[in-house]
Amino acid sequence: RLICVFQSHTYSRTAALFDEFVAALQSADAVIIAPIYAAREQNVYGVSERALSDALRERGVTADFALDFADTAHKLRKLLTPDDTALIMGAGDIEKIYPYLLS
C-alpha cells in the first residue's frame, strides 16, 4: 500500500488548489494531512486539514488529519505495515516529523 503524508504550503494555495490536491491524493491507499504550513499567512480562506481529509474520505480514501507533527507521526505509525511504502511530502517544516518517527 501507499501511505501518503501531505503538508500543503499556505492557506491561499490550499484554497486555490483544493480540488487538485484531493484528485492527486486519492491515488494513495491512505492519506494523513499534516498541519498546513502557513508561511506567515492567516487562514482567511476557510480551508483546513480536516476539510482535505473529509473530501478524501468522501471519495472512498482512508484519510485523516493531524493536529501537529507528533500526531502525524503517531497516525502514520499506526497505519504502516511492513510491506507499505510511506511517502512524506510537503512544504515548509514537514521535516519536523522525522524525530517523532525515529523515537
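Contact here means heavy atoms within 4.5 Å. The structure is a predicted model. By that criterion, and leaving aside neighbours within four places in sequence, Leu76 is in contact with Ile3, Val5, Ile32, Ala86, Ile88 and Leu101. Leu76 belongs to helix α4, which spans residues 69-79. Its relative accessibility is 1%, so Leu76 counts as buried, the limit being under 20%. Leu101 lies 25 residues away along the chain, yet the C-alpha atoms of Leu76 and Leu101 are separated by 8.5 Å.

The nonpolar interior was examined next. The largest nonpolar core has 15 residues. Leu25, Val31, Ile33 and Leu56 have the most contacts inside it. Two or more residues come from each of β1, α2, β2 (30-33), α3 (49-58) and β3 (62-65). Helix α2 gives the largest share, four residues. A second, separate core holds 11 residues, including Ala30, Ala73, Leu76 and Ile97. In soluble globular proteins, nonpolar side chains tend to be buried together.

Ile33 illustrates the surroundings of one residue in the largest core. Residues up to four places away in sequence are again not counted. Ile33 touches Phe6, Leu25, Leu52, Leu56, Phe65 and Ala66. Glu49, Ser53 and Asp64 are also among the residues that Ile33 touches.

The structure holds one aromatic pair. Phe6 and Phe21 form this pair, with 5.0 Å centre to centre and 55 degrees between the planes, a tilted arrangement. Phe6 lies in strand β1 (residues 2-7) and Phe21 in helix α2 (residues 18-25), so the pair ties together parts that are 15 residues apart in sequence. Both partners are buried: Phe6 has a relative accessible area of 10%, and Phe21 has a relative accessibility of 16%. Another ring, that of Phe65, has a charge over it: the charged end of Lys75 sits 5.5 Å from the ring centre.

Strand pairing involves β2 and β3. These two strands run parallel and are joined by four bridges. Ala30 stands opposite Thr62 in β3. From β2 the chain crosses through α3 to β3, and this β-α-β crossover is right-handed. The two faces of β3 are unlike in cover: Ala63 and Phe65 form the covered face, whereas Thr62 and Asp64 form the uncovered one. In a regular strand the side chains alternate between the two faces of the sheet.

Notes
Residues are numbered from 1 along each chain as its sequence is written. This is a predicted model: local features need pLDDT of at least 70, side-chain atom pairs count only at pLDDT 80 or more; totals for chains, interfaces and linings use all residues. Side-chain values use heavy atoms; hydrogens and water are left out. Rings of Phe, Tyr and Trp (its six-membered ring) pair if their centres lie within 6.5 Å; planes under 30 degrees apart count as stacked, over 60 as edge-to-face and the rest as tilted. Buried means under 20% relative accessible area, exposed over 50%, partly exposed in between (1.4 Å probe, protein chains only). A charge sits over a ring if NZ of Lys or CZ of Arg is within 6 Å of the ring centre and within 35 degrees of the ring normal. A nonpolar core is a set of buried Ala, Val, Leu, Ile, Met, Phe, Trp, Tyr and Cys residues joined through side-chain atoms within 4.5 Å. Two strands pair if DSSP finds at least two bridges between them. A crossover is right-handed if, with the strands pointing away from the viewer, the path from the first strand over the helix to the second runs clockwise.
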